[in-house]
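Hi everyone, thanks for coming. I'll put the structure up, and then we'll walk around it together, beginning with one helix.

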Amino acid sequence: MLGNLNPFNKPIILKTVNKLIAYGVAQDASDIQLEIIPDQSLEAKYKVYGQFADSLYFDASLAADVFAKLKHLADLSLKDFSGSFTLELPEGLIKVEAALIKSGRGEIINLKIKPLKPELFFLDELGLNQDQFKLIETNLCAKGISLISGPSRAGKTTTALAYLLGCNSINLNLYSLTNQEQIKLRGINQVAIKNKNARSWNEAISAVAKQDPDIIYLDEPPLDIDFKPLAALASSHSIIISLQAASAFEALKKIAATNLYSAAAEPKLNLVINQRLARRLCPNCCFNYHLDANIFNQLAQTFEILDQDLIGLELFHAQGCAQCGYSGYLGQIGLFEVAKIGADLNRRLSTDGADAKAQDFLDSSMSLSLAEDGFIKALKGLTTIEELKRVI
Ligand SMILES: [Zn+2]
């Protein structure tokens, strides 16, 4: 449903709805939570990079109408607690997914803001360090299965698109299978999977396997589907899979349990990229401080990598300014761990599964862990230790 003018609505109501969402887009908010509070005004809480950062209040004379308008736009009713609509803002077309939540205090509407045109980055713009970037670049179109893992909202799609852009060449036949909104990329055959169920994925995989693909990207496929048509291709083609996993090792463990892994011939797994998104320190209001023994002891509980030598090191905080909306953070950066999966680890996964020995093989082939990459970025003033503790 398009959020354009509807004759039975007062223009001020729609204007307020647009304003409320446009403010969220300008703040890079992912969610807006709306609730009519006891004084009858409407509170809009904005979640930015995973944290409630800001609130706006709308007059009681508008509150009920704005709330009703949002329910109407998203088709929210007593029967249907979720819906969506698109809205055209000066920043572009955005999709808003709405969910109605009943709480003890009354109704809450949660709006998820999804830009229909996510930003495109190239591999060298993601924030990978030089070794990680080189490792990915040299293995880009290598045979076997490559994984991009992390929790939800860790930037996996951005990395996958950058990876595909890196592979993109007129001589290659590239396929991307996803059930999310996607940007049209020149030279890549994009297959939209309408239903999230296993059957739709199985049909799409069988169809793509017949098209003589060179590179196939699967965007968070259910892991219990039938991967066999792809397994036959894995030894001579490049298969890239994004999946939800907390660590690179968990990603390996999940894939090793699929029929893609068991049915694929050598070399099976090629590369694993595990990542997080952290808020970037605002360069306008950040200041340095020194790591004292007290903070060190707290950190050492989370980060095993820390050494007593680090006491006294310079780290950074931000006080907040108008430019960063007084949050101290502006934008986001990626934190990464990248490993090439060698023959020894592949053999171990095939014979004994993802056991402690397999974890040792993985650890020894990884130049930098997620925590180490994050810590280096904190030392460079790109983020804070508190942010690392939140996301890692
Ligand atoms: Zn600032």
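So, let's start on one face of helix H10, where Ala343 and Thr351 are exposed. Before I go on, keep in mind that this is a predicted model.

Now, which residues of H10, residues 343–352, are buried? Those are Leu345, Asn346, Arg348 and Leu349. They span an arc of only 160 degrees around the axis, so they sit on the same side of H10. If you want the background, an α-helix has 3.6 residues a turn, so residues three or four places apart point the same way.

And what do the buried residues of H10 pack against? Their partners are helix H7 (248–256), strand E12 and helix H11 (356–364). Right after H10 comes Gly353, with a positive phi near 75 degrees.

Okay, let's zoom out. We have 13 helices and 15 strands in this protein. The C-alpha trace spans about 70 × 60 × 40 Å along its principal axes. For 392 residues, a compact globule would have a radius of gyration near 21 Å, and the protein's value of 23 Å agrees with that. Of those 392 residues, 36% are buried. As for contacts, take the pairs at least 6 apart in sequence: 64% of them join residues at least 24 apart.

Next, the domains. The assignment gives us domain 1, residues 11–115, and domain 2, residues 123–391. How far apart are their centres? Over C-alpha atoms, 32 Å separate the centres of domain 1 and domain 2. Where the two touch, domain 1 puts in 8 residues and domain 2 puts in 7. On the domain 1 side of that contact, you'll find 3 nonpolar, 2 polar and 3 charged residues.

On to the inside. The largest nonpolar core has 77 residues, and the ones touching the most other members are Ile145, Leu147, Tyr217, Leu252, Ile255, Val272 and Leu362. Which element gives this core its largest share? That's strand E12, residues 269–281, with 7 residues. You'll remember E12 as one of the elements that the buried side of H10 packs against. There is also a second, separate core of 24 residues, and Ile21, Leu87, Ile94 and Ile109 are among its members.

Let's look at Tyr217 for a moment. Leaving out residues up to four places away in sequence, Tyr217 touches Ala160, Leu164, Tyr175, Ser176, Leu177 and Ile240.

To finish, two residues to compare. Ser238 is in strand E11, residues 238–244. Is Ser238 buried or exposed? Buried, because 25 other C-beta atoms lie within 10 Å of it, and the cut-off for buried is 20 or more. Skipping residues up to four places away in sequence, Ser238 touches Cys141, Ala142, Lys143, Ser146, Asp214 and Ile215. Ser238 and Asn270 are 32 residues apart in sequence, while their C-alpha atoms are 8.7 Å apart in space.

Then there's Asp39, which is in the loop between strand E1 (29–36) and strand E2 (42–48). Why does Asp39 count as exposed? Because Asp39 has 9 C-beta neighbours inside 10 Å, and 12 or fewer makes a residue exposed. Asp39 and Ala22 are 17 residues apart along the chain, with 25 Å between their C-alpha atoms.

That's my tour, so let's rotate the model and take questions.

Methods: Residues are numbered from 1 along each chain as its sequence is written. This is a predicted model: local features need pLDDT of at least 70, side-chain atom pairs count only at pLDDT 80 or more; totals for chains, interfaces and linings use all residues. Helices (H or I, at least four residues) and strands (E, at least two) are DSSP runs, numbered from the N terminus. The radius of gyration is taken over C-alpha atoms; the globule rule is 2.2 Å times the number of residues to the power 0.38. A nonpolar core is a set of buried Ala, Val, Leu, Ile, Met, Phe, Trp, Tyr and Cys residues joined through C-beta atoms within 7 Å. Domain bounds come from an automatic or database domain assignment. Ala, Val, Leu, Ile, Met, Phe, Trp, Tyr, Cys and Pro count as nonpolar, Asp, Glu, Lys and Arg as charged, and the others, Gly among them, as polar. The arc is that of the directions from the helix axis to the C-beta atoms.
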